[in-house]
Amino acid sequence: MTSESGGPRCERGAGDAAEHPAPTDSDPLRRFAGIWCRAVHPLAATTMTPEAFEEYLLPLAHRLSAALRSSPFDTEAAYGVGAALVDAQCTEPEALPAILGVIDAHLVSCSTPAAPSRQPSAEPGHQPPADEEARARCVRLQHALAAGFVRELRKRERDEQAAISRAALAARTEAEKALHTSEAKFQAVFEGAVIGVGIAGLDGEVLVVNDAMARMFGGMDFFRPGRNVTEFVHPDDVPGAHELYRELVSGERDHFRIEKPHYRDDGSELWTNLTVTLLRDSSGAPQYQLALAEDITEHRRLRERLRYEATHDELTGLPNRPLFLERLDQVLADGDDADRFGVCYLDLDGFKAVNDSLGHIVGDRLLKAVAERLQGCVNAPAELIARVGGDEFLALVTGPAAQADGAALARRMLAALAEPVRVEGRELRVRASIGVVDGRAGEIGRAEVLRSADITMYRAKAAGGNRYEIADADSNARVIARHSLTNGLPSALEKGEFFIEYQPLVRLTDGTVRGAEALVRWLHPVHGVLGPDQFIPLAEDTGLIVPLGRWVLEQAARQAREWRDADDEGGEPLRVNVNLSPCQLSHPTLVSDTVAVLENAGLCPSALCLEVTENDLIGADESALRPLRQLADLGVDIALDDFGTGYSNLSYLRRLPVSTLKLDRSFTRGMQRAPADPVDVKIVEGIVSLAHTLDLAVTVEGVETAVQAEHLRGLGCDTGQGWYYARPGPPERLHTLALADAS
């Protein structure tokens, strides 16, 4: 079930210890409970001894530790821990910061298992969260604990208010009886009440108050003769308070209850839960007003402190993510078509390197300095700067000129960070990328605003950083589409949405088909047929390229075997070329997977050629080349694809385990029409001569005209592929050559 605020209502208390094994003296959570006890017990109003209090905290520590390591992550347990701490009378204003401080400083380290054997109850496949993720989870658990703490306090206040109401009803009943029967009985109730009681006439003049009321206001002198309740007006009175009072003294209502502030004579502030009841005479006519007051000043201060801590970043003092989102939601829900808003999403460039190289203490001090500078950029009440993550900040501007003001604020923030920050004798340069989004209230939702700001910020980072970019719908759509394709990749492989087309490799000397290059395609259910340039980079980023690459290799090898079996003349077997990505090259099972595929297909290794781009091999050491050498030793051909686009020394070819150079099409475009570009001719002639000297075959990509094919044949190139011969197609069309200039 849920509480009134919508959060989870958890069972709480030390009784949950049964859910956890008895700790040993070396148990990190036992140490955590001890630290927690020493920090909180002196500040709590609990009647428990320190030893009993530590035993009470131990199961709560287990609950927090389990929540920190839970998968999926869930903060529900922290609400119950907060409530359990209130049950233990940890309600003094200083107690909660101490509680949260111990969790912040020690929970992550005490919850990290020293070895797998320390987690016998862990679920199969469960992995503890990484350190950065654990810190982020710890912060969220602190927030949830604080929320549970506040909720329990509020519940107690409601219970106390209910008791006050019952006492008020009893007091009113007794007072009316006393007025009608016995002044002595009324006086006994009046003087003996533990809450403040006062009686005033209908004109507001204070007639009498009890000692409890006088103590609240600093003494009986406050209620000097002639004092009128209309003098107790306060600037922070709830809206409508005056109207409630008017209705009461006019007899339109019998009572009302509000939280009300008052000024004492010394200028200090008193907050009360105030219940005012109309007393009538025996005929029912209004006669007096009875006030019952409970001093809630300390509770109010604690609530305000908890509210501040729950809505502000502990390190920088800036508003935090919940407060920023609360303000943003208020703006977006305004619905006033004239009210515009702007959001700036700022992320520091390369901040992780500061933490990694100089330590988190220096990183924290840098963040505090950055926060001070960013706060200094706010020069209007309608602007707000918040820290929402490690090195991430969000700014909000509102008003008719929000679009221009958002860009202006981004420029001010970049200018404020231009000067190096001095931390512990070091001058640290700070760079930041900012995404700026603007819109009109009521036309866009929070999620869309934040997503657009995030996308735009990364666009600024991709453009070199230390700059801001304005949100662009087309750019956002491309990023969202890319994300959609990325999410669809795993299921696409499972559903069989990929297929392979083959482009012939033609021997230039006689025009016969030597083999084919296998080119994977994705038949997307929404976007139609997608080429490899649209999804291979996504597969590489996600690691799916390894299973996808193996699938392509299996299909290509099976197809090569079918071509061999269909050759009735027993000629030279057709070779199939398959591309390898950098991820596949570095994968430890590349060699064993390739051997298994060849054996399962019954294919000779010489019928397979693996293509690797030149850029992937530039600077590769011997360990990186070892898998290719092993495959080459087995008889698999290795082709160096896109040759000429990298910057490797040509002599480097001597140590590469390659048998074929695939010349990039950029070197042969000048040969598509007569007369051929003499520079291109000389370059290709030199490359072919070098390759043949090294006993390497030369394949040319992008052959599109007969003139180009003739030039390449004359220069000694071995094979070619391109639209002049055939476009990629199904395997049964392999020998159907177009031999027509591409249009």
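Helices here are DSSP runs of H or I with at least four residues, numbered from the N terminus. The model on display is predicted.

**Whole chain.** Begin with the protein chain in a cartoon view, where the secondary structure amounts to 23 helices and 21 strands. Of its 743 residues, 47% count as buried. Switching to a surface view shows an exposed area of about 36100 Å², of which carbon and sulfur atoms supply 52%. Among contacts with a separation of 6 or more, residues 24 or more positions apart account for 67%.

**The largest cavity.** Next, select residues 545-566, which form α17. This helix gives the most to the lining of the largest cavity, contributing 4 residues. Add β16 (575-579) and α19 (590-601) to the selection, since each of these elements, like α17, supplies at least two lining residues. The enclosed space is about 120 Å³. To centre the view on it, pick Val546, Arg550, Gln584, Leu590 and Asp593, the closest to the cavity centre of the 14 residues in the lining. Colouring the lining by class gives 6 nonpolar, 6 polar and 2 charged residues. In the whole model, the count of cavities of 30 Å³ or more comes to 5.

**The second largest pocket.** Keep α17 and β16 selected, as both also supply at least two residues each to the lining of the second largest pocket. Then add β14 (513-524), α16 (532-542), α18 (582-586), β17 (608-613) and β18 (637-643), which likewise each supply at least two. The pocket holds about 890 Å³ of space. Of its 37 lining residues, Glu517, Leu519, Pro532, Asn579 and Asp641 are the closest to the centre. By class, this lining divides into 16 nonpolar, 10 polar and 11 charged residues.

**Helix α11.** Finally, move to residues 351-358 and display the side chains of α11. Which residues of this helix are buried? They are Phe351, Val354 and Asn355. Viewed down the axis of α11, these buried residues fall within an arc of 95°, and therefore line one face of the helix. Rotate to the face turned away from the buried side to find the exposed residues Lys352, Asp356 and Ser357. The elements that cover the buried residues include β6 (340-348) and α12 (360-375), so both may be shown alongside the helix. The last selection is Gly359, which follows α11 and has a positive phi, near 100°.

Definitions and conventions. Residues numbered from 1 in each chain as written. Predicted model: local features only at pLDDT ≥ 70, side-chain atom pairs only at ≥ 80, totals over all residues. Heavy atoms only, no water. Buried < 20%, exposed > 50% of the residue type's maximum accessible area, 1.4 Å probe, protein only. Contact = heavy atoms within 4.5 Å. Areas by Shrake-Rupley, 256 points an atom, 1.4 Å probe, with all protein chains shown as cover. 1 Å grid on protein atoms, 1.4 Å probe; cavity = no way out; pocket = protein on both sides within 12 Å on 5 of 7 lines; lining within 4 Å. Points joined across faces, edges and corners; volume = space filled by probe spheres on them. Nonpolar A, V, L, I, M, F, W, Y, C, P; charged D, E, K, R; others polar. Arc of directions from axis to C-beta.
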